[in-house]
Structures are given as C-alpha cells and as structure tokens.
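Reader: I should be grateful for guidance on how to read this structure, beginning with its domains.

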Amino acid sequence: MINAILAITGLAVLFGILLGYAATRFRLESDPVVEKVDALLPQTQCGQCGYPGCRPYAEAIAAGEADINRCAPGGQATIVALADLLGRDPKPLDADVGEAQPEPLVAVIDEQTCIGCTLCIQACPVDAILGAAKQMHTVIEDECTGCKLCVAPCPVECIHMVPLRRDIGDWKWPFPAASSSGFSEPRGTPTASP
Amino acid sequence: MKIDPHNLHRFHGGLHLPGNKEVSLQRPLARVPLPARLFLPLQQHIGTPAEPCVEPGEAVLKGQVLAYAEGYVSVPVHAPTSGTIVEVSEEPVPHPSGLAARCVVLEPDGEDSWLQRPRPGEYRSLNPSALRNRIREAGIVGLGGAGFPSFIKLNPGRRRKVELLVLNGAECEPYITCDDMLMRARPEEIIQGAEIMRHALGAEQCVIGLEDNKPEAAGALREALQQSPDARVQVIAVPARYPAGGEKQLIQVLTGREVPSHGLPLDIGIVCHNVATAAAVFRALVRAEPLIDRIVTVTGAGVKEPRNVEVAIGTPLRDVIEFCGGYSDDVKRLIVGGPMMGFTLDSDQVPVTKTTNCILVAGHAEAPDPLPALPCIRCGACVDVCPANLLPQQLYWYSRARDFEKTQDYHLFDCIECGCCAQVCPSHIPLVQYFRFAKTEIWSQEREKRKADHARQRHEFHLQRLEQEKREREERMRSKKEALEHPPGAGEVADPKKAAIEAALARVRAKQAARDDPRTARESNLRQPDEAPTAGPQVDKTGR
C-alpha cells in the first residue's frame, strides 16, 4: 500500500518537473494564432478595420475582440480564409467598414503640384514614397499597397489613386460562363476574380 | 534503356479522334513572302520577356539580335530579315486574353541581307555547356507549342544521368501537320539536331516517337538514318491515340515509366524535345542561323488553300492566310493551335510567334456553337479518358466551389489540359475552362501572398525605423539635458567635440612657439605623430 502511494507520488513529482521545465524552455513569445491570422491578412496597413494596422487587427481577432469580417482590402476571400482557420462561420463584409476593393489601386503623386512637405512620406506604412524635405516626392509603384493613407495628409491634394496597371502576365482565365464547351472559347476578359 | 518497338506500353485513357490531317498535306511546303511589317513580341517564351536593344530608325541585318535575354529563363529575339526598326510598342499578340504586349516592329528592306556570321565550328568540338550557350543565343524555344527555353531542358543538372532523349514527332492533335511536313521534308536536319542534343545532354540514345498514322514521315526519317549510321537514333511508331503527343504520355508509351506527379521527365532520366526544336538546333549550330522562321499549318474549312507554310516570325496571320488563298465563305472562328488545345482570336492582325504551330480557320460545321452545360450526372466518363490519371469530376466540383486547396489535393497541376474529359462529357460541361480558371486563380493568390509578405516586412522595418529614431532622439535629449544640468568644471571634458578642438588649438600654438624660437628651429622637423612625414628640413611657413 505504502509502495503504491510512494510510486504515484514519485511519478507526479517527475511529471511536474518535466512540465515545469517545458513551460519555461518552450515558452512561446507570442500567441501562434495571431501569427496565423496575420498571415492571412493582405498587409495593406490601411486601418479601415478600425485598428492601426494588420497586426493589431490580428491580435484583436485572436483575443476575440474583433469580428473576422472587417477587412475591406482582403474582401470575401480573406473572410472565408479566416473563418476556415478559426472554425467560425463566414459572413459578409461588415457594412460600416466600406466596400470591398474591386481592383487594386496605387497612389500617384502629381509632380507639378507637390511641394515637398514629407507629410505623405511619414504617413506611408511601408515606406513606398521616395523623397526628402523640399525635394520631389514620388511613389514607388512596386511597393505601394494601395492603402490610401497618404491621400489625406497631403496639404495640396496632389495624390490620386489609380488602378494598378495590369498586363498579360497578370491575366487570369475567367470563371466559365454557363454555355460553353470544351472547344476553344471566345476570349475571356481580364478581370479580377468575381 | 532498351525500347522494343513491338512491346510498347499504354497510357490510361485517351481518345481516338478524327485526324482531319489529309487536307493540309495535299500541297507542298511553300514559303510565305515577307509582309510590309514584322511584329516581333519580346516574349515568345515561358520566362522573362527579352529586353530590346534597338532604337527606332536603326537599320538591322537578318539574324541580328533585337532584344537580349533577361535573366536565366529567357532567350533573345532576332531579326527575321534585314530592314529598319519602326518602333518598340504595344501591339496585339496571339494570346487568349486579347491583350497587347511589347513588340519590336521591323520594316523589311527587301534585301534580306544576313548579318556577318562567324564560320560555325565543328559542333563536336564544343563542350556541352558551350553548346547550350549557342542554343540559347540562337533564341531556340520548344517549338511544340509551350515555348520553354530549350537550353535549360538540355542541361542534365547534377542529379542524375540522362539515359534517353525522346524527340516528339507524335503530333496527335487533329488538323495539325507541321511536324509531319518537317519530318518528310528535312529528316536529316532532325537527326543531326538529335545528335547535337544528345551530346549536350550526355544521353546514350535517342528515340524519335511518332504516331503510326505518319508512315511517310517514318520512312523519310529511317532513310535519312541510313545516311548517318553513327547516329544513335531510333525511329519508333506508336499507336495513334490522342494525346500520345503529350510529353508524359509519349514517355510512358515508349518506356513504360511514369513521370512522377509534380515532377519532370528529368527525374526519371529522360528529356523530351519536339522534332522541330531539334531541326532548329541543327540550323543554329551547323549553319549559325538563329530561330527566325518556322513551319505553320494553315487549315480549316475557312481557308481556300489549306497547306503547310514556312513563315518568318512576326508575319501577321492575315498575310499568311492571304498567301493560302485567303478566307473562304465558311468562316466561323479563327483558332491558333488545334481544336483541342488552341484558343480563339478576335483579330488576324496578330503575328506568328515562335510557338505558333497551326492557324485553324474553322468553318461552321467544324466549330459548332457550344451546347449549354447541364448538371454533372456523376457518370465518370471523364475519369475513364483522363491520360493523366486524374479525377476530372472532383476537380470540377472543387474548382467550381473555388476550394483551391482541395483541387491541389486532387493534383490539379498535373492536368495537361488536353480536353479529353470535356470531349466525352455527356452534360457538355466545359471542364478544361474550370481547370484553367482554378490554375490561374491559384497562381494569382500565390502572387498576392508574396506581395503581402513583402509588404509586411517593409511595414515591420518601418516600425523599427521609427522606434530607432525615437530612441536616438531621446538619447540626444538626455545627453543635452545632462550637459545643461552639469556644466563642465576646469578639469572636466564635457563635450568630446570641444575637447578635440581645444587639443588641436593647443597643438598649433605649441608648433608656432617652437618655430619662432630660433634654438629649436633645427628640431622643427620633428614629426608629430599624426602628421605625414615631411620632405626634409625645409618646412615652408604655410605647411605643417
């Protein structure tokens, strides 16, 4: 009887030590769910969801404070992906966030009007604007995510959003129309996914 | 690897399709005269578009490089004839999107003068790497239709030895006969090209596979082989069954081996090229001719004189069709490629490119209006005919539902888009269109993800940069504040800058004192530790 009690107590102590060691040795710096949610967000850092960036929104989702349907640039595809990851039901984009972006946009600075004030440079979350005080500013098209955060700070309103140039390399086959056969089709139009 | 022509293997599925090939084989091969303008797309290959290196107004010679290769997966574009460059501009190109792309527009001068070409050395003396370079510089891409830069597929890599080179002369798609014509007309070019490729790959043997509905071509090749008894090339006829001309299917029929899913034939020691590519390699190495023309089949009820023609790359389709008698009264659709894997064009003002194998002007009977798609009845006919052993039915459901992860679980990217499944579907569902949609969506999503990851990195760096600037500002504030609160005493050095200035002034004063003192004048060439050595005892007054 006493042996049994000693054996179980010994095991309990052993496992306790192991768990304690594991808790400190393998501690995670941040919640892994946040990482996974952040990986699904489009990284536009636009703030339309109400949070100052994609990472804060991801943290809010993981904490249960925010709903999954607040990302406008991500659109329905992101909502479905988040629903899949978190095991919740997908729902349509929250109405007060705005509309889903139908096509990607990039910012363009009108160089005739630019006064070199650097306010847009400070606003850009990915440092996509090249320039310095009293020097010409220009948007690096490849780095611009279309978040529109630079448009408001400009005192002379010289920044406009234009559709991103699409060429043959970006073209996608459209979703098939109802009446078509396996033969060569009339050409599809270059559109984003419906 | 021993291939027994009497013991060939089979691939799963496939269809017997009516060939419709005789009509374009009635007339001999002819050359289309040069048009008023040639339009040469900078991208006629898989990979990165070439970069133009000519200016408008520049005079160029035949075979001159107009655009050089950009990056590894790229090949140059050459002038098909001598003339003047008009411009480098966006022009319509043959693509299912109907979009335009950058082209070099060349106006022939009628002289057709060749560039001064070096005498091609004996190719056998070149090492495989040099051979591949020549092939790349000649702008050669896969002429079977895909247009992958051939020099890359002639690189065996370090992983395993290439045992077999397969030359694909199967040409299984209905209507297309350009490879058949080439094999009949220039078999020796193909065989010598095969030898060059074999040498580049280090392969022991080569097999030319063609369908058994091409007895004349097989005969011509075998006769040419007799002229080159040293060539380790075998000609083997395989049963005609669509799509026997698919790379993986042809390899399976000849060798019984399956190319692994998501893999390449190179993974099983085999490399496959089209017969026309081999002929182009011959011309490049033996005649120093870059890829500037190709054979194209012009056929269909919509053209008056269907035939095979040799066309300069960049010739508008309209000129090619005009040469073949022009349009007939029965024109329904203009298709580039064949009836199974080709695509429709809205305009004939697009040019012939390196990958244009057939111009099919389909009549009303040949291209009937598609029937409306009915619901899938789960009959499984598509599964029975798929040569890639896939489940088109499942791929259809998941593509339609946009469940792209599931489509990849069912090996969507192993689909060769042959069209057998759509051909047999009793509900006339456009299966291949769904698979193409799914593939490009997946690629687009992957591109978006890469952009998002890149943007995240930049944002994180942006935040770090702001943090650092904030810290530096605080640091400076702090040290300034300290300096104000504790002004430096007599012996304290509060500001390192100020201390350095004081020290320099002290040094100058000491030197001046020493110079002015006549007793130490002779010792004035004593060097200070931080000065350059002086020339001699004469030290000028302004110098150190």
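Author: Please note that this is a predicted model. The domain assignment divides chain A into domain 1 (1-29), domain 2 (32-97) and domain 3 (103-165).

Reader: What distance separates the centres of domain 1 and domain 3 of chain A?

Author: Taken over C-alpha atoms, the two centres are 59 Å apart.

Reader: How is the pairing of helices H1 and H4 of chain B to be read, and at what angle do their axes cross?

Author: One begins with the axes. Those of H1(B), residues 128-137, and H4(B), residues 187-201, come within 8 Å and cross at roughly 125 degrees. Angles of 65 to 115 degrees count as roughly perpendicular and those over 145 as roughly antiparallel; H1(B) and H4(B) are therefore oblique to each other. The crossing of H1(B) with H4(B) is left-handed.

Reader: Which residues of H1(B) and H4(B) meet?

Author: From H1(B) come B:Pro128, B:Leu131 and B:Arg132, and from H4(B) come B:Ile196, B:His199 and B:Ala200. By class, this contact has four nonpolar residues, one polar and one charged.

Reader: How is the size of an interface often given?

Author: It is often given as the accessible area lost when the parts come together. Here one may instead consider residues: the contact takes 37 from chain B and 29 from chain A.

Reader: Which elements of chain B give two or more residues to the side that touches chain A?

Author: They are strand S16 (343-345), helix H12 (420-424) and helix H13 (431-485) of chain B. H13(B) supplies the largest share, 15 residues. By class, the side of chain B that touches chain A has 19 nonpolar, 13 polar and five charged residues.

Methods:
Residues are numbered from 1 along each chain as its sequence is written. Chains are lettered from A and ligands numbered from 1 in the order in which they are written. This is a predicted model: local features need pLDDT of at least 70, side-chain atom pairs count only at pLDDT 80 or more; totals for chains, interfaces and linings use all residues. Domain bounds come from an automatic or database domain assignment. Axes are lines fitted to C-alpha atoms, for helices over the stretch in contact, and angles run from 0 to 180 degrees between N-to-C directions. Helices (H or I, at least four residues) and strands (E, at least two) are DSSP runs, numbered from the N terminus. Angles under 35 degrees count as roughly parallel, over 145 as roughly antiparallel, 65 to 115 as roughly perpendicular and the rest as oblique. A crossing is left-handed if the near helix is turned anticlockwise from the far one by less than a right angle, and right-handed if clockwise. Two residues are in contact if their C-beta atoms, placed from the backbone, lie within 7 Å. Ala, Val, Leu, Ile, Met, Phe, Trp, Tyr, Cys and Pro count as nonpolar, Asp, Glu, Lys and Arg as charged, and the others, Gly among them, as polar.
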